[in-house]
Amino acid sequence: MVLVWAIVAGGPAARYFRWERVVGVEAELREEFDRWERKETAVLKVFPYPLLAISVVLTLLQSLWNAPVHLPGVLGLSALLTAWVMWFHTFHREWHGNAPLMALYYAGLVALTGCLVLLTPWFGFFAFVGYVHAFQYLKGRWRYVGVVATSAVSAVSYVGGAANITVDDWWKWPAVTAFTTVMATAAFYADVMSDRRNHRQKRALVELHKANTELETALAENANLHTQLLVQAREAGVLDERHRMAREIHDTLAQGLAGILTQLQAAEQASDEPAVSRRHVANAMSLARESLTEARRTVHAVGPSALAEARLPDAIGDVARRWSEVNRVEAVLTTTGDARPMHTDVEVALLRTAQEALANVAKHARARRVALTLSYMEDLVTLDVLDDGAGFLPDAKRAGGSADGGFGLAGMRQRAQLLAGRLDVESEPGGGTAITVTVPAIPAGSES
């Protein structure tokens, strides 16, 4: 649960801080367990020898008090017991996982301890090692068998030695054995439960460490992926901005310069008619001013000035009116449906499509009339531009830009596709052209 919380809660900085905190706690716990295990291992490694030394020293002191002690037997068995413990317990730790071999060791340990306790009760101190090694080296129910055996050996010491187990007082030894077994079993069971709990905690720490390692790897991979995404997003942003500038330059500067050139050529051709020539020059100057304004707005990524000053139907109607005056071709806009404010991207796309379609009519169609229809529907907005000009074969149109800088239908189609819309073109030679752009009706103020 801690890991899940660390992953999903908060922002990136908070998640990283919490993950670092979880890793720190996990590392401290593992270090604490390792330190505790090292201490326990060190204590258990030397634990039998101090008890054996105490038993031997007390036995020697007993002999100094002229108490009957069979010293050669005690010292010989003590030496054998020491060698037995050192060989199995200390020198060959790799054997500790071999259950049959360690069961043999434990049987020898209890037998030698029992012989020493029969010789002198002072080895009852060492007999306590039987409880520890039963827990350490025996498995399952055999541990409790070891507890019973150790209790039986220790009971001889508790009743004062084998000499006190007489015909009249024989019952004391089994009674003490039973009592010691019950007490030792209870303590032993508590130790077993504690050991199991420690093993579960250690296993949980291992799993936690593994999970943290995997999380660290995942975070590193996510960081690399995040860096790659940033690079890709930056490249995509640059590419999108280039496309935007290309479309805007085509729809403003290129169209404006083409219109200016057309008007200046017309003025040159009408040089013998001063009034007509002046009108064409005035149109060229007006187009130059408009193109300069639109160019400045394009550089600053600002919407068209026509939309800044009027609603979309009015802006398209004004574009159609001025185009009609300059080109001497009738252009009529019809609006249907509920004319409501749309998202800026939608209105810009429709306005630029109207401008480009009219520019294409002026350059190629030789039309006498153009009809524009702006239709507001519940989920869509469409703009139809229909002319009665020369027409063309749609399948033979140029794809994308061309060497002379044309962007035309490709630019209009790209604008529509960026809004999940589409551009349809119907035309045939001598039959005019119909262009329809359809885009989603995204309300003003919403995210596109």
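Student: Before anything else, what is pLDDT?
Tutor: It's the predictor's confidence in each residue, on a scale from 0 to 100. You need it here, as this is a predicted model.

Student: Okay, so where does pLDDT stay under 50?
Tutor: One stretch is residues 1-17, where the model has 18 contacts beyond four places in sequence. Another is residues 399-406, with seven contacts of that kind.

Student: And what does the chain average?
Tutor: The average pLDDT is 81, and 82% of the residues score at least 70.

Student: Switching topic: how many strands are in the open sheet, and in what order?
Tutor: Five strands, in the order 1-2-3-5-4, and the pairing is mixed.

Student: Which ones are the edge strands?
Tutor: Strand 1 (330-336) and strand 4 (422-427), since each of them pairs on one side only. From one strand to the next, the twist averages 10°.

Student: Do strands 3 and 5 run parallel or antiparallel?
Tutor: Antiparallel: strand 3 (residues 380-387) is joined to strand 5 (residues 433-440) by eight bridges.

Student: What's the bridge partner of Leu 386, then?
Tutor: That's Ala 434, in strand 5.

Student: Now helices. Which strands does helix 13 touch?
Tutor: Helix 13 (residues 344-365) packs on the sheet and touches strand 2 (369-376), strand 3 and strand 5. The direction of helix 13 makes about 10° with that of strand 3.

Student: And where does helix 14 lie?
Tutor: Helix 14 (residues 408-418) lies across strand 4 and strand 5. Relative to strand 4, helix 14 runs at about 145°.

Technical notes: Residues are numbered from 1 along each chain as its sequence is written. This is a predicted model: local features need pLDDT of at least 70, side-chain atom pairs count only at pLDDT 80 or more; totals for chains, interfaces and linings use all residues. Side-chain values use heavy atoms; hydrogens and water are left out. Contact means heavy atoms within 4.5 Å. Two strands pair if DSSP finds at least two bridges between them. Helices (H or I, at least four residues) and strands (E, at least two) are DSSP runs, numbered from the N terminus. Axes are lines fitted to C-alpha atoms, for helices over the stretch in contact, and angles run from 0 to 180 degrees between N-to-C directions.
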